Amino acid sequence: MTDILDYKEEGTFIIEHEGVRYQLPRHCPHRSGRLDHGKINLHAKTVSCPLHQSVFRFDSGEQVAGPSCGKLKVAITTSTKCD
Ligand code: FES
């Protein structure tokens, strides 16, 4: 199951996909667009900034499109769910 969860700490948000949790910065490194309001593509594993449409891989933080601004800092953990 894939879920997009609430913020877990100030300044970051979580994307959970296929049992892995990706913690990403809430703000884009370009001009602080709200990545947590961006479009998430689970197939491509990307998140798009709604302000100037930069696209980042949420599994590595690499920027794949948009105005040059560097990569995102991503923390990756395995999700632990209790059934
Ligand atoms: S603020 Fe995100 S691309 Fe400009």
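Salt bridges to start with. In this predicted model, the count comes to 4 salt bridges. I will go through some of them.

Take Glu16 and Arg21. Their side chains meet in a salt bridge, with 3.7 Å from N to O. How accessible are the two partners? Glu16 is buried, at a relative accessible area of 4%. Arg21 has a relative accessible area of 22%, so it counts as partly exposed. The cut-off for buried is under 20%, and I will use it for the other residues too.

The next pair is Arg26 with Asp36. The closest N and O atoms of this salt bridge are 3.8 Å apart. Where do Arg26 and Asp36 lie? Both are in the loop between strand E3, residues 20–25, and strand E4, residues 39–41, so the salt bridge ties together parts that are 10 residues apart in sequence. Arg26 has a relative accessibility of 12%, which means that it counts as buried. Asp36, at 16%, counts as buried as well.

Asp36 has another partner, Arg34. Here the closest N and O atoms of the salt bridge are 2.8 Å apart. Arg34 is partly exposed, with 28% relative accessibility. Through shared partners, the salt bridges join Arg26, Arg34 and Asp36 into one network. As general background, side chains of opposite charge can pair when their charged atoms come close.

Now the cysteines. How many disulfides does a search of the whole structure find? The result is 0 disulfides. Two cysteines to look at on the display are Cys28 and Cys49. Cys28 is buried, with a relative accessible area of 5%, and Cys49 is buried too, at 3% relative accessibility.

On to the strands, beginning with E2, residues 12–17. This strand is mostly covered, and 6 of its 6 residues are buried. Which residues point which way from E2? Thr12, Ile14 and Glu16 point to one side, and Phe13, Ile15 and His17 point the other way. All of these are buried. Glu16 is the residue I mentioned in the salt bridge with Arg21.

E2 pairs with E3 in the antiparallel sense, over 6 bridges. As a marker for the register, the bridge partner of Thr12 is Pro25 in E3. The hairpin of E2 and E3 has 2 residues between the strands, and in it Glu18 takes a positive phi near 50°.

Staying with this pair of strands, look at Gln23, which is placed in strand E3. Its side chain is joined to that of Thr12 by a polar contact of 2.9 Å. Gln23 and Phe13 are 10 residues apart along the chain, and their C-alpha atoms are separated by 5.7 Å.

Next, the sheet further along the chain. In what order do its strands run? The order is E4-E5-E6-E7, with 4 strands forming an open sheet and antiparallel pairing. At the edges are E4 and strand E7, residues 63–65, each of which pairs on one side only. Neighbouring strands of this sheet are turned by 25° against each other on average, with direction ignored. In general terms, strands of a sheet pair through backbone hydrogen bonds, either parallel or antiparallel.

Within that sheet, E4 and strand E5, residues 46–48, pair in the antiparallel sense over 3 bridges. Asn41 stands opposite Thr46 in E5.

That leaves the loops on either side of E5, and the backbone there. Lys45 lies in the loop between E4 and E5. Lys45 is not a glycine, yet it has a positive phi of about 55°. With a relative accessibility of 22%, Lys45 counts as partly exposed.

Gln53 is found in the loop between E5 and strand E6, residues 55–57. What is the phi of Gln53? It is positive, about 65°, although this residue is not a glycine either.

To go back over the main points: the count is 4 salt bridges, and Arg26, Arg34 and Asp36 form one network through shared partners. There are 0 disulfides in the whole structure. E2 has 6 of its 6 residues buried and pairs with E3 over 6 bridges. The open sheet runs E4-E5-E6-E7.

Conventions
Residues numbered from 1 in each chain as written. Predicted model: local features only at pLDDT ≥ 70, side-chain atom pairs only at ≥ 80, totals over all residues. Heavy atoms only, no water. Buried < 20%, exposed > 50% of the residue type's maximum accessible area, 1.4 Å probe, protein only. Disulfide = S-S within 2.5 Å. Pairing = 2+ DSSP bridges. Axes fitted to C-alpha atoms, helices over the stretch in contact; angles between N-to-C directions. Polar contact = N/O pair within 3.5 Å; in protein donor to acceptor, adjacent residues only side chain to side chain.
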